[in-house]
Amino acid sequence: MKQSSRTKKGKLLQNLVRDKILKTFKPHLKKSDVVVAQTGETGADIKLSRIGARLCPFSFETKNQERLSTLYGWYDQSDRNSGKLEPVLIIKQNGRKPLVINMNLFFELIK
């Protein structure tokens, strides 16, 4: 895959997350409060203003990659087994903190 394609693919996910944050905290945040990082910029992928960080005190790192297919397989299993409940995937690597995966649920919870 070309570097420009990788960059575009990553920006799509960053824009999705930015839009979710803006929608979740509407009308309190403006577009200038939630900005997507420039390519190659260090730090979080989503830059929050002071007001944005107060309302949404999280640091967002986004990854849009095919090699995550195993995680999606596990999430699909959670979805198939969930019935009427919201699917959530919790993963843990030895010596690391557990991670919880479900973006839509996350944004509903932090409203």
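The largest nonpolar core of this chain has 13 residues, and those with the most contacts inside it are Val17, Ile21, Ile46 and Phe60. Helix H1 and strand S1 each supply at least two residues of this core, and H1 gives the most to it, with four residues. The coordinates behind this description are those of a predicted model, and every value given here is to be read as computed from that model.

Around this core, the chain as a whole has four helices and four strands, which follow one another from the N terminus in the order α-β-β-α-α-β-β-α. The C-alpha atoms fill a box of roughly 40 × 35 × 30 Å when the box is taken along the principal axes, and of the 111 residues of the chain, 26% count as buried.

Helix H1, which spans residues 3-24, is a convenient place to start. Leu16 has its place in this helix, and with a relative accessible area of 40% it is partly exposed, because that value falls between the 20% under which a residue counts as buried and the 50% over which it counts as exposed. Leu16 and Val36 are 20 residues apart in sequence, while their C-alpha atoms are 10.0 Å apart in space. Asp19 is likewise partly exposed, with a relative accessible area of 38%, and its side chain meets that of Arg18 in a salt bridge, with a distance of 3.0 Å from N to O.

Beyond the end of H1, the chain passes through a loop that leads to strand S1 (34-36), and Pro27 lies in this loop. The peptide bond from Lys26 to Pro27 is cis, with omega near 5 degrees, a feature that the reader can find in the model by looking at the link between these two residues.

The aromatic side chains come next. A pair of aromatic rings is described by the distance of the centres and the angle of the planes. A search of the whole structure finds five aromatic pairs. In one of them, the rings of Phe58 and Phe106 have their centres 5.0 Å apart and their planes at 75 degrees, so this pair is edge-to-face. Phe58 lies in the loop between helix H2 (50-55) and helix H3, whereas Phe106 lies in helix H4, so the pair ties together parts that are 48 residues apart in sequence. The rings of Phe106 and Phe107 are also edge-to-face, because their planes stand at 75 degrees, and their centres are 5.1 Å apart. Ring pairs link Phe58, Phe60, Phe106 and Phe107 into a cluster, and Phe60 is also among the residues with the most contacts inside the largest nonpolar core. The accessibility of these residues can be followed one by one: Phe58 is partly exposed, with a relative accessible area of 35%, and Phe106 counts as partly exposed at 27%, while Phe107 is buried, with a relative accessible area of 3%.

Helix H4, which holds Phe106, also takes part in the largest pocket. About 1300 Å³ of space lies in this pocket, and it is lined by 30 residues, of which Glu61, Lys63, Val100, Ile101 and Met103 lie nearest its centre. The elements that give two or more residues to this lining are H1, helix H3 (69-81), strand S3 (89-91), strand S4 (99-101) and helix H4 (103-109). Among these elements, H4 gives the most to the lining, with six residues. By residue type, the lining divides into 20 nonpolar, six polar and four charged residues.

Two of the residues that lie nearest the centre of the pocket, Glu61 and Lys63, lead on to the charged pairs. Side chains of opposite charge can pair when their charged atoms come close. Glu61 forms a salt bridge with Lys63, the closest N and O atoms being 3.3 Å apart, and Glu61 itself counts as partly exposed at 49% relative accessibility. The count for the structure comes to four salt bridges, including the one between Asp19 and Arg18 described above. Another of them joins Glu108 to Lys111, with the closest N and O atoms 3.5 Å apart, and here Lys111 counts as exposed at 61% relative accessibility.

Conventions. Residues numbered from 1 in each chain as written. Predicted model: local features only at pLDDT ≥ 70, side-chain atom pairs only at ≥ 80, totals over all residues. Heavy atoms only, no water. 1 Å grid on protein atoms, 1.4 Å probe; cavity = no way out; pocket = protein on both sides within 12 Å on 5 of 7 lines; lining within 4 Å. Points joined across faces, edges and corners; volume = space filled by probe spheres on them. Nonpolar A, V, L, I, M, F, W, Y, C, P; charged D, E, K, R; others polar. Buried < 20%, exposed > 50% of the residue type's maximum accessible area, 1.4 Å probe, protein only. Phe/Tyr/Trp six-rings, centres within 6.5 Å; stacked < 30°, edge-to-face > 60°. Core = buried A, V, L, I, M, F, W, Y, C linked by side-chain atoms within 4.5 Å.
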